[in-house]
Structure formats: structure tokens, C-alpha cells
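Work through the two exercises below with the sequence and the coordinates at hand, and attempt each task before reading its solution.

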Amino acid sequence: MDINRLRYFATVVEEQGVSAGAQKLNISQPSLSIMIKKLEDELGVLLFKREKKRLILTNAGDLLYKRSKHIIAAVDNMLVELDEASKGIRGEIKVGCSTAANLTVIPRIVETLHKNAPHITVRVIEGNTKFIAEQLLSNQLDAAIVRTSFSDDIFETYSIVTEPIVACLHRDHPFVKKKYLQLKDFAEEDFLLNTTTTGSGLSDYILKMCKQSGFTPKVKYWGTQGLPMMILASKGVGVTFLPKSYMLLPFIEGMPAFKEIQSPNLQSSLELITLKDRIKSTATEHFIQQVIQFSKEFNDSILTN
């Protein structure tokens, strides 16, 4: 089977028509129609139902499209690996992460790669957990750095750091002067939490620990990223709870006060995840190994801060 015909077929499906597909591929519409017809003849199945000016996938077409995405990704990965094998460790790695991870973790990893593998390019895509997971599942990303736990059936996980969760408060908040804080001390405070979109996230954990501490928090704001919540906390709108690595963010003015919670012991894990069944390029494998080696140094910097 010609891999290019599969690419053409997948493009027609994704662009929802031969005309749009031809424009995307920069080829003529008749040429693309001929390619699709040859693919149908080769497979002996009808891939599209043609109703007026619309193309509708048949059951066989839907099955081929789902399988073709994996086949195309595997072929692309193989070509990258062959190229890397001939030139040494090089290539592009697409990594998804939150804004905070992009500010605290990614720069250090890129710095390490710059020293050990200068021919690897890192392309970072920011977004919330749901978006990043969708991009990874559709093979648009090679890896992602997340705090949300996912099913081991789909993803491989590599631990980067386990760190304390700290309370973020306005600098004039009375709790700032307290030497010891317990989670139950915040029972009457307004909470600022991030919305859980996929998997099991930080907000679920905080709510669970509040319940174990004997209260249900009053949530005043639901957000999608930690940074806006940190800014709101610094303005006295409420309190939020974030991983200690937020203290490493390169801000000078307007930072909230950070206070550790003595009871219960609140912890958050940052993980690198990849698709379990996807063949990893040499560059991606090298990236993973660098992350694993880097994690100890990063853990030390968090614990001593």
C-alpha cells in the first residue's frame, strides 16, 4: 500500500472534502480524486458515500482512517529515526505543558539539552490538561509535562518531582505571621481553585484533603491555570494552593506570600507522560533520559528553597 495514498485519504477526511483536501495538499482536485479511487480499488472497499456534494465515510472508511493515523505516525517516526541515525542525535520534540511548567521546568531541561544534544529542537505547546491530553492522543505531541494522573493503560509516566503544596496568600493576611498552619485553619477562607478537565487534578486533591480535615471549602473562583489564581491571591481576593515550584517563578513585584502547611502533609507530583504504544524517536528517548537525570537536581532545588 502506498503511504502517500493513506496521507491523501486522511487529509480528505480531516478537511471534509476533496476540494479542501486538494487545497491543503497543494495538488489538483482531479488528481486527488484519482488517488482516492485507486486506494478504494486497491483495498476493494468503498471508503466514501457520495451524496450530492458531500462525502460521507463508510464503516470501512472510518476504520481505515483510525488505523491510518497510527500507520502514518509510525512511518513518520521511522523516517525521523533513520535520519537521526545517519546524522546523530537530532530532531524536533513537541512537548505540551502548562504555563507554570513552561516557566519553571522547561527552561532547565532545554538548557541541559543545549549542552548534551545541541541538535535537538524543542517545540513547546501550552494549554490546560484537557487540551494537552487531546493533542498527545492525536499524535500532535511527543510528550507532555502534567500534574494530573492518567490511566497507565494509555500513558507511560516518568516522575520529575514530588513537592509540597503551599498556600498562596496576600502579604498582609494574618496567617502570614503564623509559624504553623493547618489546612483546617482555612475553613472560613475564600478558595481559588483550578477546574479539573481531565483525569484527577490538583483541585480534586485539595477538596479531598479539606473534607478529611472536616470542612467543605467555599470556592470563590474556578480557573484553568495556577498563575491567574496566584495573582488573585496576591490581591487579597482569596487563597489558593499551588506546588512549591511556583516560588521559583521569575517575578519580582506583586508576589503573594507562600506558606507551607504542616498538617496534613500536602504533596503534588509533576510527571512527564508519553503514549504507551507510540514508537519514540531517538530524540524523544534522549529527551526522556535527560528529564530523568535532571529531576534529581530539580527536586533538590525545590526542597532547599
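Buried means under 20% relative accessible area, exposed over 50%, and partly exposed in between, with a 1.4 Å probe and protein chains only. The model is a predicted one, in which local features need pLDDT of at least 70 and side-chain atom pairs count only at pLDDT 80 or more, while totals for chains, interfaces and linings use all residues. Residues are numbered from 1 along each chain as its sequence is written, and side-chain values use heavy atoms, with hydrogens and water left out.

**Exercise 1.** Determine how Asp62 and Lys66 are paired, and classify the accessibility of Lys66.

Solution. Begin with the distance: the closest N and O atoms of Asp62 and Lys66 are 3.2 Å apart, which is a salt bridge (a side-chain nitrogen of Lys or Arg within 4 Å of a carboxyl oxygen of Asp or Glu). Next, place the pair in helix α4 (residues 59-87), where the two residues are separated by about one helical turn because they are four residues apart; helices are DSSP runs of H or I with at least four residues, strands are E runs of at least two, and both are numbered from the N terminus. Finally, Lys66 has a relative accessible area of 47% and is therefore partly exposed, and Asp62, at 30%, also counts as partly exposed.

**Exercise 2.** Locate the partners of the salt bridge between Glu156 and Lys280, and decide whether Lys280 is buried or exposed.

Solution. The N to O distance is 2.6 Å. Glu156 belongs to strand β6 (residues 155-169), whereas Lys280 sits in the loop between β11 (267-275) and α10 (282-304), so that the pair links distant parts of the chain, 124 residues apart. With a relative accessible area of 12%, Lys280 is buried, while Glu156, at 26%, is partly exposed.
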